[in-house]
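Here is a short report for a newcomer. Please look over the sequence and the structure first.

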Amino acid sequence: MADAEETKAGEPAKPTAEQLAERNAYLEAEAKKAFASRDEVKARLRELEEAEAKRKEAELSETERLKAQLTDSQKKLEAVQAKAKEWETFQSARRESLKTELGDKWDDSFSLLPIDGLEKLARTLAAPKPPGSPKPKDSVTLNSYKDALANSVAMEEFLKLPDEVQAKMKADYYQSR
């Protein structure tokens, strides 16, 4: 027998108990390392999944907050648009009534005035003349009014003046003619 470890048929010899114990110890150590590594990977995966869940939850809450804000803004916009439409309808109706009220005194340039200026102009044109002032014809009054505005004060500034000042300016103008 040349080799003591080989059996008669050329098969390797059976390992000894000591070799089996070493091999089992080595495999157990490797298994422990693999299990430890697996446990670390599982823990890291769990941490990542929890972080992703928190991120998604925060994203959803931000999305919900933004959706609520958008809905609120849209409601406010609709309310403002409704009020704006009401105001435009009111202004349009008021302009038409003032146009009718002024009749032949109406001039197309009056349509450029803001509604409050137009109302003030209508009151001024419809106001009775101060006692002692000449009684010019309506067209002369309108032209005089336009001339006074063109020569002294801009339309908006003139309309902002108190009624007494406007009346004084008109009276001064009529007396100068």
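The text below covers confidence, one helix, its core and one lysine.

This is a predicted model, in which local features need pLDDT of at least 70 and side-chain atom pairs count only at pLDDT 80 or more, while totals for chains, interfaces and linings use all residues. Residues are numbered from 1 along each chain as its sequence is written, and side-chain values use heavy atoms, without hydrogens and water.

The chain has a mean pLDDT (the predictor's confidence in each residue, from 0 to 100) of 79, and 75% of its residues reach 70 or more. Helices here are DSSP runs (H or I, at least four residues), numbered from the N terminus.

| Helix | Mean pLDDT |
|---|---|
| H1, highest | 90 |
| H3 (residues 138-151), lowest | 53 |

H2 has 12 residues, which should span 16 Å at 1.5 Å a residue (times one less than the number of residues); its end C-alpha atoms are 16 Å apart, so the two agree. Buried residues (under 20% relative accessible area, 1.4 Å probe, protein chains only) of H2 include Ile115, Gly117 and Leu118.

The largest nonpolar core (buried Ala, Val, Leu, Ile, Met, Phe, Trp, Tyr and Cys residues joined through side-chain atoms within 4.5 Å) has 11 residues, among them Trp106, Phe110 and Leu159. H2 gives the most to this core, with five residues.

Lys120 lies in H2. Lys120 is buried yet has no salt bridge (side-chain nitrogen of Lys or Arg within 4 Å of a carboxyl oxygen of Asp or Glu). The nearest side chain of opposite charge (Lys and Arg positive, Asp and Glu negative; His and chain ends not counted), Asp163, is 4.2 Å away.

Conventions: Helices (H or I, at least four residues) and strands (E, at least two) are DSSP runs, numbered from the N terminus. Buried means under 20% relative accessible area, exposed over 50%, partly exposed in between (1.4 Å probe, protein chains only).
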